[in-house]
Amino acid sequence: MEQSVPASLPFFRRLCYAAGHFLNDLCASMWFTYLLVYLHSVLGFQSTYAGVLLLIGQIADGVCTPLIGYESDRTQGSVRHGKRKRWHLLGTVCVLVSFPFIFNPCLVCTEHTAQWAQIVYFSPFVIIFQFGWAATQISHLSLIPELVSSESGKVELTAYRYAFTVVANITVYAVAWLLFHFQAQHNVDPSITDSLGPVDIPLFRTLSLIMLGTGTLFSLIFYVGTKEGASSSEREDQLLTRSTSQEALRRPVFQWKHWLKEPSFYQVALLYMCTRLIVNLSQTYISVYLTNSLMLTKNFIAIIPLVLYVSGFVCSLAMKPVSKLIGISMTYLVGLLLVLGFAIWVFMDKNMGAERIYGAAALLGAGSATILVMSLSMTATLIGEQTQSGAFVYGSMSLTDKVANGFGVILIQSIRPCRTEVCCPDCVWFYRDVMVTVTGGVALAAALFLFTILIRPIRIRTN
């Protein structure tokens, strides 16, 4: 007999599900917030080389996600182990074995080794990490429409998932702040305690190892507490064998090629791409904006992102009731307005200092949290009952976001006014303009795609 999907999950099972992406979130926080500044300011890479390595990672992730989604949909589950959790476990192992080498200097290089050779050294670890990250992300997202059936239940799981994302980012920034604080207590030289340099290599290495250990514990909670079962694959077989029945005519079974003919598929993909551009690029460049544009000390690259994600966490608590009251699309619009408020504030305030940056960061954090959760909820709404191809949909959404983010970073790095490791006076306004563009400029594009969804709501054709 076919098992029905519950409308919602008990509180404990929601927590266990959300814990499954915690390791990914910890690593992603370090990747987007600290990789660029680590390569450039700590290891001394030229800006273009630093951008190339990040681009390699984003392209690898973008290529892997739809392929993993396609293979994940084809994988057969078993009574004891569902197909999504199998891919999740594979991804987790890949992340654990590759990530430690990324935030660690080249082990076979000397001080005379060319930077392009170091890029070659780092690239395999980056590609393995991105494959693992993509496998974990897609399998985890694909569980949402398989675990719950109601729209409010999907929004709820997505909100829990984002709440854990926020907690993961808070964990990274809090530990980073503690490490910077301990470093300052043991060093009296202001050049060491105020600015980044090679002396910070052990600090970033320690931070990455702490995050891996913490993430592994949360992954174990996910594997023990989340029961996928074999019901999803059984439902697929039943739907396929009844494809000639009247019920199947009312609810056709979508394969990957059918999604490419759906207008709503492209509407949601473009909106999700803009959302990720805002979230990821602002997270990538907030550190260099703080240190190069606002001239703040290096401990602010832990404090301000912490403020950003605390405000996002507080905002995520109200997302379910607000989205039920005004709808997912209008809630997304509210988040866009908050992001635009941040962009206008940064652009207009020519003398923003350590005091006013807290308020601006709170605006960006709340807005980013809202649009990210709502865009993921739109994706789950698009998939609906077509869970047999849900991983392909999530993989395709991620493809657009990863490639766009990668090329966005390399474009910004290539037009950076200073070609040396040391930031020149032109960088002061350059990184401020970057923050304004990747938030306000992309938010305007997202508003355009949101307008198309308001005119033509998300739905799939039945013929």
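This text walks through a predicted model of one protein chain, from its overall make-up to single residues.

The chain holds 19 helices and zero strands. Of its 463 residues, 57% count as buried. The accessible surface comes to about 18400 Å², and 69% of that area belongs to carbon and sulfur atoms. Contacts between residues at least 6 apart in sequence can be sorted by how far apart the partners are: 84% of them join residues at least 24 apart.

One helix shows how burial looks in detail. Helix α14 covers residues 300–316, which is 17 residues. From its first C-alpha to its last it reaches 24 Å, close to the 24 Å expected at 1.5 Å a residue. How much of α14 is covered? It is mostly covered, with 12 of its 17 residues buried. The buried residues include F300, I301, A302, I303 and I304 at the start of the numbering, and C315 and S316 at the end. Y309, S311 and G312 are also among them. These buried residues pack against α2, α7, α13 (263–293), α15 and α17 (357–383).

The next topic is aromatic rings. A pair of aromatic rings is described by the distance of the centres and the angle of the planes. A search of the whole structure finds 22 aromatic pairs. In one of them, the rings of F11 and Y160 have centres 6.3 Å apart and planes at 70°. Pairs with planes over 60 degrees apart count as edge-to-face, so the pair of F11 and Y160 is edge-to-face. F11 belongs to helix α1 (residues 11–19) and Y160 to helix α7 (residues 151–185), so the pair ties together parts that are 149 residues apart in sequence.

F22 and F164 form another edge-to-face pair, at 6.2 Å centre to centre and 85° between the planes. Here too distant parts of the chain are linked: F22 sits in helix α2 (residues 22–42) and F164 in helix α7, 142 residues apart. Both F22 and F164 are buried. Elsewhere in the list of pairs, rings join into a cluster: ring pairs link W31, Y34, Y38, F99, F103, F129, Y173, F180, F204 and Y309. Y309 was met above as one of the buried residues of α14.

Charged side chains come next. Side chains of opposite charge can pair when their charged atoms come close. How many salt bridges does a search of the whole structure find? The search finds two. In one, the side chains of D349 and R356 meet at 2.6 Å, N to O. D349 is buried, because its relative accessible area of 15% is under the 20% cut-off. R356, with a relative accessible area of 35%, is partly exposed. In the other, the side chains of R432 and D433 meet at 2.8 Å, N to O. In this bridge R432 is buried, with a relative accessible area of 8%, while D433 is partly exposed at 33%.

The surface has a nonpolar patch made of V322, L325, I326, M330, V334, F451, L454 and I455. Together these residues have about 750 Å² of accessible area. Which helices each supply at least two residues of the patch? They are α15 (319–326), α16 (328–348) and α19 (426–455). L325, one of the patch residues, lies in helix α15. Is L325 buried or exposed? L325 has a relative accessible area of 72%, so it is exposed.

S329 gives a contrasting case. S329 lies in helix α16, and its relative accessible area of 18% makes it buried. Leaving aside residues up to four places away in sequence, S329 touches M378, L450, I453 and L454. Of these partners, L454 also belongs to the nonpolar patch.

The last stop is a loop. I415 lies in the loop between α18 (390–414) and α19. With a relative accessible area of 52%, I415 is exposed, because the cut-off for that class is over 50%. I415 and F430 are 15 residues apart in sequence, and their C-alpha atoms are 9.4 Å apart in space.

Terms used. Residues are numbered from 1 along each chain as its sequence is written. This is a predicted model: local features need pLDDT of at least 70, side-chain atom pairs count only at pLDDT 80 or more; totals for chains, interfaces and linings use all residues. Side-chain values use heavy atoms; hydrogens and water are left out. Patches are made of residues with over 30% relative accessible area and no salt bridge: like charges are joined within 9 Å, nonpolar side chains (Val, Leu, Ile, Met, Phe, Trp, Tyr) within 5 Å. Accessible areas come from the Shrake-Rupley method with a 1.4 Å probe; for residues, only the protein chains shown count as cover. A salt bridge is a side-chain nitrogen of Lys or Arg within 4 Å of a carboxyl oxygen of Asp or Glu. Helices (H or I, at least four residues) and strands (E, at least two) are DSSP runs, numbered from the N terminus. Buried means under 20% relative accessible area, exposed over 50%, partly exposed in between (1.4 Å probe, protein chains only). Rings of Phe, Tyr and Trp (its six-membered ring) pair if their centres lie within 6.5 Å; planes under 30 degrees apart count as stacked, over 60 as edge-to-face and the rest as tilted. The expected span of a helix is 1.5 Å times one less than its number of residues. Contact means heavy atoms within 4.5 Å.
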